[in-house]
Amino acid sequence: KHYPLNDAAATVNEIGISIRRVMGGTSGVIYDIFCKAAFVRLKQNTTVAILAKDWSAALEGALSAVSKYTGALPGYRTLLDALFPASAILQERLNAGQDGVTAFLAASEAALSGAESTKNM
């Protein structure tokens, strides 16, 4: 499979298709929903460059779609327990003017913390 690496949105879409095909089952469909929703958000970008705020919006849209179609919310012991805190921190840091790399690092730490929080649920 060749991915259109010159088009971030199309690449995310193709990744979702690949995951659905290879993984199959419910998980494959959920990851495909995630990628399709991110694709839609990234396609709304009218500039050439995809910026950190665009990726943040794509993540937010993807999480909303997964929650909508699965009924899962944070606290249900799903991938959303890691990704919702990551998305919130990413938005918060970017809106405060932090550079993208530092904001994404903080988001990854929030994701790890969110995943760890499911251990005792």
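Is Tyr3 buried, exposed or partly exposed, and what is its relative accessible area? Before I come to that, let me say that what we have here is a predicted model, and that every value I quote is computed from it.

Tyr3 has a relative accessible area of 33%, and because partly exposed covers the range between under 20% and over 50%, that is the class in which Tyr3 falls. As for its place in the chain, Tyr3 lies in the segment before α1, the helix that runs over 8-23, and together with Leu5 and Ile15 it makes a nonpolar surface patch of about 300 Å².

Turning to the overall fold, the secondary structure comes to five helices and zero strands, which read along the sequence as α-α-α-α-α. The radius of gyration is 15 Å, close to the 14 Å that the globule rule gives for 121 residues, so the chain is as compact as a globular protein of that length. The C-alpha atoms, taken along the principal axes, fill a box of roughly 40 × 40 × 20 Å.

Now to the interior, where buried residues make up 35% of the 121 in the chain. The largest nonpolar core has 24 residues, and Phe34 and Leu90 are those with the most contacts inside it. Two or more residues of this core come from each of α1, α2 (25-43), α3 (52-70), α4 (80-95) and α5 (100-116), with α3 giving the largest share, seven residues. Leaving aside neighbours within four places in sequence, Phe34 is in contact with Leu59, Ala62, Leu63, Val66 and Leu83.

Finally, on the surface, the chain exposes about 7200 Å², of which carbon and sulfur atoms supply 59%.

How values were computed
Residues are numbered from 1 along each chain as its sequence is written. This is a predicted model: local features need pLDDT of at least 70, side-chain atom pairs count only at pLDDT 80 or more; totals for chains, interfaces and linings use all residues. Side-chain values use heavy atoms; hydrogens and water are left out. Patches are made of residues with over 30% relative accessible area and no salt bridge: like charges are joined within 9 Å, nonpolar side chains (Val, Leu, Ile, Met, Phe, Trp, Tyr) within 5 Å. Accessible areas come from the Shrake-Rupley method with a 1.4 Å probe; for residues, only the protein chains shown count as cover. A salt bridge is a side-chain nitrogen of Lys or Arg within 4 Å of a carboxyl oxygen of Asp or Glu. Helices (H or I, at least four residues) and strands (E, at least two) are DSSP runs, numbered from the N terminus. Buried means under 20% relative accessible area, exposed over 50%, partly exposed in between (1.4 Å probe, protein chains only). A nonpolar core is a set of buried Ala, Val, Leu, Ile, Met, Phe, Trp, Tyr and Cys residues joined through side-chain atoms within 4.5 Å. Contact means heavy atoms within 4.5 Å. The radius of gyration is taken over C-alpha atoms; the globule rule is 2.2 Å times the number of residues to the power 0.38.
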